[in-house]
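Thanks for asking me to look this over. Here are my notes, point by point, to read alongside the structure.

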Amino acid sequence: MTRFRLAHLSDLHLPMDGLPLGPRGWLSKRGLSHLSWQLKRRKRHLGSVLKSMFADIAATAPGHIAVTGDITNTARPEEFQRSIDWLSQLGAPSDVTLVPGNHDALVTVAHDDGQGHWQQWMRGDGEDPSAFPFVRLRGRIALIGVNTAIATPVFRATGKIGDAQLSRLEKILANLGAQDLFRVILMHHPVTDGLQPGRKALIDRAEMQQVLKRAGAEMILHGHTHRASLTSVAGPKGPIAVIGVPSASGTARHVEHAARWHLYDIDADGANWQVQVSARRLAPDDKFHDIADYTLKIPSSRV
Ligand SMILES: [Fe+2]
């Protein structure tokens, strides 16, 4: 197999300049989120950082780009409309795969006014392309989009996959594993325990961990925490790497929240997979630099 080059970024939290919140918005959960944006988050998430990251990603010519949610801040129809321009800058929808985050489901929005805008980025190759989990096959790489985004009460940012999605996911993973494909799961909330307090955690992560233990996956990519993390959950034959990236628009002021993206070069290596990981982080010079390189050796599901 020729090397497959996958880029991962998350939590874009696109700029909301010139988008005032109407009186009805202030009465919904959007009100608090908008206030938090105005008071602090608009200084921590910058469009200029995103532009710089997009250029840095493009310079490495990835074969595919994964975006794990929180594109918007308050899930307003205007934010979804604006996001199309940004997503289009990353690449063609067939080369960019998206899953939603909790901010993209902050309140319930009619499909056509909200996540319906992203159908081209969130559709699989199969017969039911709009249903989660969806699958996109690119050579021997299978990208599996799982939806953890749900509307929650104020001060909560929990996620949930739900029984219907979990049962479909188990069949999908088993089927793709039997074909000896490299299964990359994309989801916004981390599946690992302890990365988030209860009010921000994935509610049914224990059930998801059981699915992964039975059916397996080669790698899980997520966002949500706005911090970098490399953890694992149990698979049928050993640990499965679970990798999170900070927000793609974070300024360099606090190093742990500075914008960062990951490049994965995936190769078949005999009976195993070899994944070369490069972490690229924003520095105070407003440029992205390599800050970590490591190799993951992942056994094939057939071994
Ligand atoms: Fe999030």
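1. Let's begin with strands β5 (residues 141-145) and β6 (residues 182-186), which run parallel and are joined by five bridges. One of the pairs to look for is G145 with its bridge partner L186 in β6. Please keep in mind throughout that this is a predicted model.

2. Zooming out, an open sheet of six strands holds this pair, in the order β4-β5-β6-β7-β9-β8 and with mixed pairing. Its edge strands, β4 (134-138) and β8 (229-234), each pair on one side only. On average, neighbouring strands of the sheet are turned by 25° against each other, with direction ignored.

3. Next comes β9. Strands β7 and β9 run parallel and are joined by four bridges, with I220 opposite V242 in β9. With β8, the pairing of β9 is antiparallel and extends over six bridges; here S232 stands opposite A241. Is β9 mostly covered or mostly open? Mostly covered: five of its six residues are buried.

4. The turn joining β8 and β9 is worth a look on your screen. These two strands form a hairpin with four residues between them, and G238 in the turn has a positive phi of about 160°.

5. Helix α6 (residues 205-215) lies across β6, β7 (219-222), β8 and β9 (239-244). Relative to β8, helix α6 runs at about 70°.

6. Now for the interior. The largest nonpolar core has 51 residues, and those that touch the most other members are L9, L12, V67, F182, V184, Y264 and V275. Helix α3 (residues 47-59) gives the most to this core, with five residues. Apart from it lies another core, of 24 residues, including I185, L202, M208 and V242.

7. If you would like one residue to click on, try V184. Leaving out residues up to four places away in sequence, V184 touches L6, I141, A142, L143, I144, M219 and L221.

8. Finally, helix α2 (residues 29-44). Why does its end-to-end distance agree with its length? At 1.5 Å a residue, its 16 residues should span 22 Å, and the end C-alpha atoms are 21 Å apart, so the two agree. Do look at Q38 as well, since a kink of about 60° in α2 is centred there. Buried residues in α2 are K29, R30, G31, S33, H34, S36, W37 and R41.

Note on methods
Residues are numbered from 1 along each chain as its sequence is written. This is a predicted model: local features need pLDDT of at least 70, side-chain atom pairs count only at pLDDT 80 or more; totals for chains, interfaces and linings use all residues. Side-chain values use heavy atoms; hydrogens and water are left out. The expected span of a helix is 1.5 Å times one less than its number of residues. The bend at a residue is the angle between axes fitted to the seven residues ending there and the seven starting there. Buried means under 20% relative accessible area, exposed over 50%, partly exposed in between (1.4 Å probe, protein chains only). A nonpolar core is a set of buried Ala, Val, Leu, Ile, Met, Phe, Trp, Tyr and Cys residues joined through side-chain atoms within 4.5 Å. Contact means heavy atoms within 4.5 Å. Two strands pair if DSSP finds at least two bridges between them. Axes are lines fitted to C-alpha atoms, for helices over the stretch in contact, and angles run from 0 to 180 degrees between N-to-C directions.
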